[in-house]
Amino acid sequence: MSGFLLAIEGGDGAGKATAAAEVAARLNAAGRTATVLSFPRYADTLGGHMLGEYLGGRLPHAASPRAAAVLYALDRFESAAVIAEAAAQHDVVVFDRYIASNMAYQAAQAAPGDAREVMGWIARLEIEQFGLPLPDLSVYLDTPVEIARGLILRKRRRSYTDAALDTYEADVALQVRVRDNYAAMAREGLLGRWATLPTVTAGALRPPREIAAAIVALVE
Ligand SMILES: Nc1ncnc2c1ncn2[C@@H]1O[C@H](COP(=O)(O)OP(=O)(O)O)[C@@H](O)[C@H]1O
Ligand SMILES: Cc1cn([C@H]2C[C@H](O)[C@@H](COP(=O)(O)OP(=O)(O)O)O2)c(=O)[nH]c1=O
């Protein structure tokens with residue numbers, strides 16, 4: 001594998017998909033080759049299909065954090081060849097969510113005393129057992145929960161649900177714990193190097209091109 005693996009991370013509605021697309025466009029315009037891989041890959045893997053059922057509330061039982069984590073990890077495990085191919089053919093592969101998403105979200109749903117253990121368990125599952133590559137850099141898009149919520153409501157309809165907010169997005173307390181978990185991962189350098197990028201200055205969202213330029217500067 002040769003390409004630089006850049007993970008864009010953050011809560012729901014933080015602006016990850018927008019930033020990932022802009023970063024790839026900027027890199028391509030500057031003569032580098034870049035591509036975006038978005039996880040979960042709902043339409044492309046068995047794990048992704050099951051996750052669509054789960055997030056759309058169509059599975060009969062709630063899954064425990066570790067069980068849900070296995071589905072997300074399976075979606076990436078099934079995508080290993082696609083990741084390797086993307087990295088072989090591009091200078092930069094931009095992930096719109098990667099392993100840290102699983103750690104942040106599933107630990108946020110574990111019992112408080114079990115959260116750290118769940119994060120470590122997921123990292124070991126995905127890196128050591130499933131053999132997925134570590135990212136070279138993870139960028140945490142730091143968007144306040146109330147602004148992110150407004151952005152979620154602007155998103156187009158998702159493939160797996162007709163609801164404006166999916167099961168996770170509807171839960172504000174969960175989104176706050178997700179933020180805390182990302183902050184801890186970035187502070188402690190779990191899964192490698194991190195950069196935290198505030199997307200709001202003086203109460204206003206920074207334009208996507210400015211956010212993308214800051215990310216490209218970090219990659220370079
Ligand atoms: N920096 C920004 N300024 C204004 N609108 C944005 C910005 N980033 C994202 N959006 C809009 O907010 C919505 C959610 O953004 P998206 O990138 O899909 O978030 P995520 O992938 O983190 O869930 C989309 O409608 C998108 O066009
Ligand atoms: C990729 C990934 C996502 N998630 C969570 C975060 C989101 O709340 C949810 C769906 O991912 P998301 O990227 O928000 O999909 P969409 O933009 O189509 O709504 O899954 C995990 O818990 N683990 C993972 O590994």
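In this predicted model, helix H1 gives the most to the shell around ligand 1, contributing three residues. Helix H1, which spans residues 16–29, is joined by helix H7 (145–154) and helix H9 (208–219), each of the three supplying at least two residues of that shell. The surroundings of ligand 1 comprise 17 residues, of which Gly15, Lys16, Ala17, Thr18 and Leu151 come nearest. By residue class, the shell around ligand 1 divides into seven nonpolar, five polar and five charged residues.

Turning to the interior, the largest nonpolar core holds 59 residues, and those with the most contacts inside it are Leu6, Ile8, Val94, Phe95 and Ala104. Helix H3, formed by residues 65–77, provides the largest share of this core, namely seven residues. The surroundings of Val94 can be given in detail: when residues up to four places away in sequence are not counted, Val94 touches Leu6, Ile8, Ala20, Val23, Ala24, Ala34 and Val36.

At the level of the whole protein chain, the secondary structure comprises nine helices and seven strands, and 42% of the 220 residues count as buried. Among contacts between residues at least 6 apart in sequence, 81% join residues at least 24 apart. The C-alpha atoms fill a box of roughly 50 × 40 × 35 Å along the principal axes. The radius of gyration of the protein chain is 16 Å, which agrees with a compact globule, because a globule of this kind with 220 residues would have a value near 17 Å.

Methods:
Residues numbered from 1 in each chain as written. Chains lettered and ligands numbered in written order. Predicted model: local features only at pLDDT ≥ 70, side-chain atom pairs only at ≥ 80, totals over all residues. Core = buried A, V, L, I, M, F, W, Y, C linked by C-beta atoms within 7 Å. Buried ≥ 20, exposed ≤ 12 C-beta atoms within 10 Å, placed from the backbone. Helix = DSSP H or I, 4+ residues; strand = E, 2+ residues; numbered from the N terminus. Contact = placed C-beta atoms within 7 Å. Near = placed C-beta within 6 Å. Nonpolar A, V, L, I, M, F, W, Y, C, P; charged D, E, K, R; others polar. Rg over C-alpha atoms; globule rule 2.2 N^0.38 Å.
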